[in-house]
Amino acid sequence: MCRAEAHRLYAKKPIFDKLGVQLFAVLHEHIEAEVKDFWPRYWGGIVVYDQAMQFFKALGGGKLLKEKFLSGFVLNPRAIANYKRAKAMGMDHNFRGEGEIKGGLFIVGSGKTGIAYQFIERNFGDWAPLAEVIEICTQLQESII
């Protein structure tokens, strides 16, 4: 499901470029075959490996947001719906890697602006609302002008 969201977001790169927004994908583990499959197939931009998982801890207010596969995915109708949505996009998927840490998205403004927007994956496969993300980036860009 991460691949589908990354692909969906990166497909809008021309919009983000026009707004002066730089995109980064942050990985919490480095499995070489998985990284090679992810980049550039699903994400063509900068990929950062966060070995200490500080990005993911920041999303959880200092701790990792984790949920077991059984309770967080198999027994979670929302996660199953999210999986079906990602699968309908025709993206290859697998269940390799750690798989219990939830992710999200930060929009960080320039200078001392700090975090302008935060999206936390509450259910596996939740996606940040793209229109909302673009709107926040547009507002940040307009505040610079």
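Start by selecting Phe 24 and Ile 46, since the tour opens on strand pairing: Ile 46 in β2 is the bridge partner of Phe 24. The model is a predicted one, in which local features need pLDDT of at least 70 and side-chain atom pairs count only at pLDDT 80 or more, while totals for chains, interfaces and linings use all residues. Residues are numbered from 1 along each chain as its sequence is written, and side-chain values use heavy atoms, with hydrogens and water left out.

**The parallel strands**

Extend the selection to residues 24–27 and 46–49, which are strands β1 and β2; they run parallel and are joined by four bridges, where pairing requires that DSSP finds at least two bridges between two strands. Ala 25 has its own bridge partner in β2, namely Val 47. Adding residues 32–38 brings in helix α3, through which the chain crosses from β1 to β2 in a right-handed β-α-β crossover; right-handed here means that, with the strands pointing away from the viewer, the path from the first strand over the helix to the second runs clockwise. On β1, colour Ala 25 and Leu 27 as the covered face, and Phe 24 and Val 26 as the uncovered one.

**The loop after β1**

Which residues does His 28 contact, leaving aside its neighbours within four places in sequence? They are Tyr 49, Asp 50, Met 53, Phe 56, Glu 98 and Ile 101, a contact being heavy atoms within 4.5 Å. His 28 lies in the loop between β1 and α3, and its relative accessible area of 16% makes it buried, on a scale where buried is under 20%, exposed over 50% and partly exposed in between, using a 1.4 Å probe and protein chains only.

**The whole chain**

Zoom out to the cartoon, where the chain shows seven helices and four strands, these being DSSP runs numbered from the N terminus, with helices H or I of at least four residues and strands E of at least two. From the N terminus on, the order is α-α-β-α-β-α-α-α-β-β-α. The C-alpha trace spans about 50 × 35 × 30 Å along its principal axes. Of the 145 residues, 39% are buried, and among contacts with a separation of 6 or more, 62% join residues 24 or more positions apart.

**The nonpolar cores**

Select Phe 16, Phe 38, Trp 43, Leu 105, Ile 107, Tyr 117 and Val 133, which touch the most other members of the largest nonpolar core, a group of 26 residues; such a core is a set of buried Ala, Val, Leu, Ile, Met, Phe, Trp, Tyr and Cys residues joined through side-chain atoms within 4.5 Å. Two or more residues come from each of α1, β1, α3, β3, β4 (114–120) and α7, and α7 gives the most, with six. Centre next on Val 133, which touches Phe 16, Leu 105, Ile 107, Tyr 117 and Ala 128, not counting residues up to four places away in sequence. A second, separate core has eight residues, including Phe 55, Phe 56, Leu 59 and Leu 65.

**Two helices to finish**

Moving to helix α1 (residues 2–10), pick out its buried residues, Arg 3, Ala 4, Glu 5, Ala 6, Arg 8 and Leu 9, which pack against α2 (13–18), α3, α6, β3 (104–109) and α7 (130–144). Last, go to helix α6 (residues 77–88) and select Asn 82, which counts as buried at 3% relative accessibility. Draw a distance from Asn 82 to Trp 127: their C-alpha atoms are separated by 8.6 Å, although the two residues are 45 apart along the chain.
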